Amino acid sequence: MSNNAVAFFIGLFGSVHCVGMCGPLALAMPSFRDRWWLVIADKIQYNLGRVLTYSFLGLLIGFIGKQLWLAGLQQGVSLFSGLLILLAGFSGILNLRMTGNRILSPLLAPVRRLLNYALRHKAGHLVIGLLNGFLPCGFVYLALAGAINTDAPLSAAAYMFWFGAGTFPLMLLATVSAGFVGPLIRKRINKAMPYLMVCLGIWFVLRGLNLDIPYLSPAKPASGVAICH
């Protein structure tokens, strides 16, 4: 399975979680349109804004990943990110509290203020979507952990784009239909999320171990830098 396919699957699976977390924000934004297709256009803009922000975050983290790849540290990056994902997954399964949100909360305070300002001044669905993409989300962190394992900024941006594309269909349906996914389904998906994280964490660890298993744990290339002819 390709990296982009994995990213799309994470987004598709996580979109039910996103409906519960981000859906209320999108639903709180009235469209003020008198035609149904214009209402849908507004919601498409909101979701497009999220995808653009995810792609931008992927581009940023891709620069970090590229330097790590050039330094020959890709194996260690895959192992480390896999272990972090496993830690987060098992914490969710065992109902252990993580301190990550408390650490990130002060850093994201300016984004929250901008988002509140944009909502008060009716900045538009695209702007709200762009800002919403910066808010903390477990599935976004999970996708970024995968993006840093790519070998180039554009590859990381593409990874995050496909993650966002995976969240797009259900989020669009939810924001247009003012619901669509009930709380019981969201609760079950949220319970399943840590197990998905454990599976992906194991996959990243196996990739880092370079066990020469095709697709699952490929052998380490002879050189850390690819040579183009």
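Visitor: In which helix is the place of Thr 53?
Guide: This is a predicted model, and its helices are numbered from the N terminus. In that numbering, Thr 53 has its place in helix 2.

Visitor: Is Thr 53 buried or exposed, and with what relative accessible area?
Guide: A residue counts as buried under 20% relative accessible area. Thr 53 falls in the buried class, because its relative accessible area is 3%.

Visitor: Which backbone oxygen does the side chain of Thr 53 reach?
Guide: Leaving aside neighbours within four places in sequence, Thr 53 is in contact with Gly 129, Leu 130, Gly 133 and Phe 134. Its side chain reaches a backbone oxygen at 2.6 Å. That oxygen belongs to Leu 130.

Visitor: Where is Phe 134 found, and is Phe 134 in contact with Thr 53 through which listing of residues?
Guide: Phe 134 is among the residues in contact with Thr 53. Phe 134 is found in the loop between helix 5 (125-132) and helix 6.

Visitor: How many residues apart in sequence are the parts that the pair of Phe 56 and Phe 134 ties together?
Guide: The structure holds four aromatic pairs. Phe 56 and Phe 134 form an edge-to-face pair, 6.4 Å centre to centre with 75° between the planes. Phe 56 lies in helix 2 and Phe 134 in the loop between helix 5 and helix 6, so the parts tied together are apart in sequence by 78 residues.

Visitor: What is the relative accessibility of Phe 56?
Guide: The class between buried and exposed runs from 20% to 50%. Phe 134 is partly exposed, with a relative accessible area of 31%. Phe 56 also counts as partly exposed, because its relative accessibility is 41%.

Visitor: Which helix supplies the largest share of the largest nonpolar core?
Guide: The largest nonpolar core has 27 residues, and Phe 139 is one of those that touch the most other members. Helices 1, 2, 3, 6, 7 and 8 each supply at least two residues of this core. The largest share is seven residues, and it comes from helix 6.

Visitor: How many of the ten residues of helix 6 are buried?
Guide: The buried residues of helix 6 include Phe 139, Val 140, Leu 142 and Gly 146. Helix 6 is mostly covered, and of its ten residues the number buried is eight.

Visitor: Over which residues does pLDDT stay under 50?
Guide: The protein chain averages a pLDDT of 75, and 69% of the residues score at least 70. One stretch has three contacts beyond four places in sequence, and its pLDDT stays under 50: residues 222-229.

Key. Residues are numbered from 1 along each chain as its sequence is written. This is a predicted model: local features need pLDDT of at least 70, side-chain atom pairs count only at pLDDT 80 or more; totals for chains, interfaces and linings use all residues. Side-chain values use heavy atoms; hydrogens and water are left out. pLDDT is the predictor's confidence in each residue, from 0 to 100. Contact means heavy atoms within 4.5 Å. A nonpolar core is a set of buried Ala, Val, Leu, Ile, Met, Phe, Trp, Tyr and Cys residues joined through side-chain atoms within 4.5 Å. Buried means under 20% relative accessible area, exposed over 50%, partly exposed in between (1.4 Å probe, protein chains only). Helices (H or I, at least four residues) and strands (E, at least two) are DSSP runs, numbered from the N terminus. A polar contact is a pair of N or O atoms within 3.5 Å; within protein, one must be able to donate a hydrogen and the other to accept it, and residues adjacent in sequence count only if both atoms are side-chain atoms. Rings of Phe, Tyr and Trp (its six-membered ring) pair if their centres lie within 6.5 Å; planes under 30 degrees apart count as stacked, over 60 as edge-to-face and the rest as tilted.
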